[in-house]
Structures are given as C-alpha cells and as structure tokens.
Amino acid sequence: MTRPVSVRGGAGGVEAHYDDLAAAARLFGRAAGDTGEVALALHGYLVHPAVLGSAVLDPGGVAEFERRLLAALDGPAGVTWLSARCAGVDVGLRATAAAYLGADRLDARLAPELGALIHAPRAIGDGALALARGHPDRALQEVLTSDPELADLGVGAAAGLLGGGSVAASTRLLQRPFADGTPRVTALGDDGVADASGPPRTLRDVLAGLAHRDLGQPGEIDVTLLDGADGRRRVIVNIPGTKDWSLAGHNPDVTSLATNLRAIGGEVTTYERGILETLHRAGVQPGDDVLLVGHSEGGLVAVNTAGHLASTGEFHVSHVVTAGAPIGLIAGGTPSNVDMLALENDGDVVPHLDGAQNPDRVNVTTATVRHDHGDIAANHDLDASYLPGAADIDASDDPSVRAYLAGIGGFLTADTVRTRTYVITRGYP
C-alpha cells in the first residue's frame, strides 16, 4: 500500500498561485487603462466646439445630451468609475499576491526552526530512552531520525563557528584542502541487465534505474537512450551519490568530499564535467531532452549541471529528479525551462545538511514521503526508502505531482532502451 505524500511548490504551489494573482492584476490594470482612455476621450465631447455651437439652435437638446453623457461617464455605473474600480482591483490583487508570497517566504525561513522545535520533545525522549536502555549508539539515531530538522540548526550554527557566515561560504573554506582535479572517463560498455527490464514506465522505475547504477563502482554513471514512437530520442542520466567519506586531499573517487563541498554551493565540479563528457561520448545531441536523476550528492550535481547547461546550451536538460539531496541553497536558481522534482524522506537527515528548505517555485516540486526505519542510513537508502517513496508519488493525486509526471511522460513511454555505462574518476597533474 502507498502512503500519503506532502508536496510543496510546483504547478499547485504558492508561487504558481502568486503568478495567477499577478496575471489577473495585470489584466485589471490594462482594463483600467483602456477604460480610462475611453472616458477621457468621451469627456472631450462635453466641450467640443460642434456640440457647444449647436446649443444656439437647440439649448435644451444639448443640455440633455451633456447630462446623459456625464451620467454615462461619471455616474455610479459610469465608465470613469469602472476604470477606477478596475484600478482598485489591480492594486488589491497585487497587494494580496505580495502578502501571500511574503508570508510563504517567511515560513520558508522559519520552517527549520519551527520544525525542529515541534519535533524536539519526541526526538529528545526517544534519544533519552535509548540511553536509559544502555544503547548510546542508538541515541543519536533516534534523535536525528525523529527530528531531522535539528540538522538545519546544527549546520547554521557550525557555519557561524567556522566564521564563514553562511553555509555556502563555510563550504568554500572547508573545500580548500580537497583538490577537485580533472575528469577521466572510461567507457564500460552497454548494460544488458538494465536494458532487459525495458524502458521505464513509472517514477519508481526511474528510481530503480538509479538504484541499479548505485550498485556499481565509485563514479559509475549511465546514459540511457530512449527512442519513442514519436520519433524523438530522450535521455536519462543516473548519477549516484557519495561512496567515499575519507579526508584525503587527493582522492581519485569523484564522489568524495571534494565534490560535496563544491556542489552544495553551486560550483562546477569534476563530477559534472565528467558527466558532460559521457553525454558527448554517448552521442547525445543538443536537441535531445535530458532527464538527470541523482541521489544525495548525485542530486546536487544534477541540479548544478542542469543550471549550467541552461546557460551554455550544450545539452538540453528538460527535467531533474533528486532523491535525498540537500539542494535548498541551489534549487532556487533552477532555470525556468527546467522542471525539477525533489524527493525527500521525512526521517532522512541528509536533505537538511545545507541548512535550507527547498524553495516554493512553479518549476520546483518537493515531495516528502514517509518511510521511517529509525535508522539514519536506511532512511537515506534508495531501496529502503526512496523506491517505495517513488511508488507513493506515482499514486498521488496532488496537482503539482500530476503536472510533473505528465511533463516526463515522454521518458515513460519509450519503445526501446539502450544503457551505456561509464566510470568517472578524478585525475591530478
């Protein structure tokens, strides 16, 4: 059975409603301007020489004409008042939209603190119970899985202690010992096992492809070529996350800390440059629609790659799917022509490691699923949490979710599939 999904942003989000209000305000503003011009022009007839001259011949008729025209223009239902009412509605809608958006942005800034406070009593209680039972190793697990928003507060406090002032600035300080090097790409050939399951038909199928690639070696990604009945080719790129947390300054593993510390602040990384090289090697064309799918660090790299490619035009990323990725600091910069779906598990602490909530944007939909295992690793795991979470999203009737899934429909209706695999490593001079 599927579970409920909480959704923020997207086609049914606050910014979408703000855009609707602003568009309606513009319509009323134009109507006010148009009717105001008509009223001004018609007022001119009241003092038109021909009208005033005819008063000599028919003073009563001219007086009646001007009385009726004044009533039609300036009476309670007149054109002038209609213009004023349209202008009033314009101002009112703009003020409502601004207040609506301002309240949501205030909520976004306060959400980590409020969420942490709301869940803190239960989290502290669970942790204390684990300690009382003689399981200190479980205490931290209980606290962070019960109240992952605490990580937002912790990250913010750590940024202050490091002297960076912000998370992005602090990561720039921390990344200095970790050289990023240059990409080295090795082709592994086609993946017949992946292709045997056929083209994806659901979001869960898409995440299953990512989970399959995650079983490979560090830096292994794939470029999946999909040919549809419409004659168009579409491409899915699966980008796994971190596999090496060592503190080595020179590390050939492209998924290591050198990438995390750069990607979280929106920087171009060797991992990203390697992905671009694999797209060229796989024969992807600038006109092909590309869907980038990334887990954890891979989600960071996917979002950054989509943004950077929108500027260069080298490839056309139309959609992004992230799972368990801390993208709050960079998601707001997603280009308007790229639609993104961010999956977050309610008990997963990793999406909170940037100390920021995902923004509410028309093209950024955040879907929060609920698969709590009481374990930090399991709550972040693709198979344990995000594959069942993707099935929950497939079954959701939320308008933002349905709009996103409709948008990737071309990726889910392909006739043929061919998966090419590559390994990206980091080289040094």
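Let me start with strand β7, which is mostly covered: of its seven residues, six are buried. Keep in mind throughout that this is a predicted model. Strand β7 covers residues 339-345, and it pairs on both flanks, so to speak, with β6 and with β8.

Take the β6 side. Five bridges join β6 to β7, and the two strands run parallel. One pair to find on your screen is Val-320 with Met-340, which stand opposite each other, Met-340 being the one in β7. On the β8 side, β7 pairs with residues 364-369, again in the parallel sense, over six bridges. There, Ala-342 stands opposite Thr-366 in β8.

For anyone new to this, strands of a sheet pair through backbone hydrogen bonds, and they do so either parallel or antiparallel.

Now the whole sheet. In what order do the strands of the open sheet lie? The order is β1-β8-β7-β6-β5-β4-β3-β9-β2, nine strands with mixed pairing. The edges are β1, residues 6-9, and β2, residues 182-190; each has a single partner strand, so one side of each is left without a neighbour in the sheet. From one strand to the next, the twist averages 20°.

Let us walk along the order from β6. Strand β6, residues 316-323, is joined to β5, residues 289-295, by seven bridges, and these two run parallel. Leu-292 has Val-320 as its bridge partner in β6. That is the Val-320 you have already met opposite Met-340.

A helix belongs in this part of the picture. Helix α12, residues 297-312, packs on the sheet and touches β4, β5, β6 and β7. The direction of α12 makes about 150° with that of β5.

Next is β4, residues 233-239. Is β4 buried or exposed? Six of its seven residues are buried, so β4 is largely enclosed by the rest of the structure. Strand β4 pairs with β5 in the parallel sense, over six bridges. Arg-234 has Asp-289 as its bridge partner in β5.

On to β3, residues 220-227, where the pairing sense changes to antiparallel: six bridges join β3 to β4. Two pairs show this register: Thr-224 with Ile-236, and Val-223 with Val-237. The hairpin of β3 and β4 has five residues between the strands, and in it Gly-231 takes a positive phi near 85°.

Why is β3 described as largely enclosed? Seven of its eight residues are buried, and that is the reason. Strand β3 is also joined to β9, residues 416-427, by eight bridges, with the two running antiparallel. Glu-220 has Val-423 as its bridge partner in β9.

That is the sheet. Now a single residue, Arg-402. Arg-402 sits in helix α15, residues 399-407. How exposed is Arg-402? Its relative accessibility is 37%, and because the partly exposed class runs between 20% and 50%, Arg-402 counts as partly exposed. Leaving out residues up to four places away in sequence, Arg-402 touches Ile-393, Asp-394, Ser-396 and Asp-397. Arg-402 and Ala-11 are 391 residues apart in sequence, yet their C-alpha atoms are 9.0 Å apart in space.

The chain as a whole gives some context for that pair. Among contacts with a separation of 6 or more, 77% are between residues 24 or more positions apart. The chain has 429 residues, of which buried residues make up 48%. In total there are 15 helices and nine strands.

Last, empty space inside the model. Rolling a probe the size of a water molecule over the atoms shows where empty space is left. How many cavities of 30 Å³ or more are there? The count is one, and the largest cavity has a volume of about 30 Å³. Its lining includes Phe-178, Ala-179, Ser-246, Asn-251, Arg-426 and Tyr-428. By type, the lining residues of the largest cavity divide into six nonpolar, four polar and one charged.

To finish, here are three things to locate on the structure. Find β7, with six of its seven residues buried. Then find helix α12 where it packs on the sheet. Then find Arg-402 in helix α15.

Definitions and conventions. Residues numbered from 1 in each chain as written. Predicted model: local features only at pLDDT ≥ 70, side-chain atom pairs only at ≥ 80, totals over all residues. Heavy atoms only, no water. 1 Å grid on protein atoms, 1.4 Å probe; cavity = no way out; pocket = protein on both sides within 12 Å on 5 of 7 lines; lining within 4 Å. Points joined across faces, edges and corners; volume = space filled by probe spheres on them. Nonpolar A, V, L, I, M, F, W, Y, C, P; charged D, E, K, R; others polar. Pairing = 2+ DSSP bridges. Helix = DSSP H or I, 4+ residues; strand = E, 2+ residues; numbered from the N terminus. Axes fitted to C-alpha atoms, helices over the stretch in contact; angles between N-to-C directions. Contact = heavy atoms within 4.5 Å. Buried < 20%, exposed > 50% of the residue type's maximum accessible area, 1.4 Å probe, protein only.
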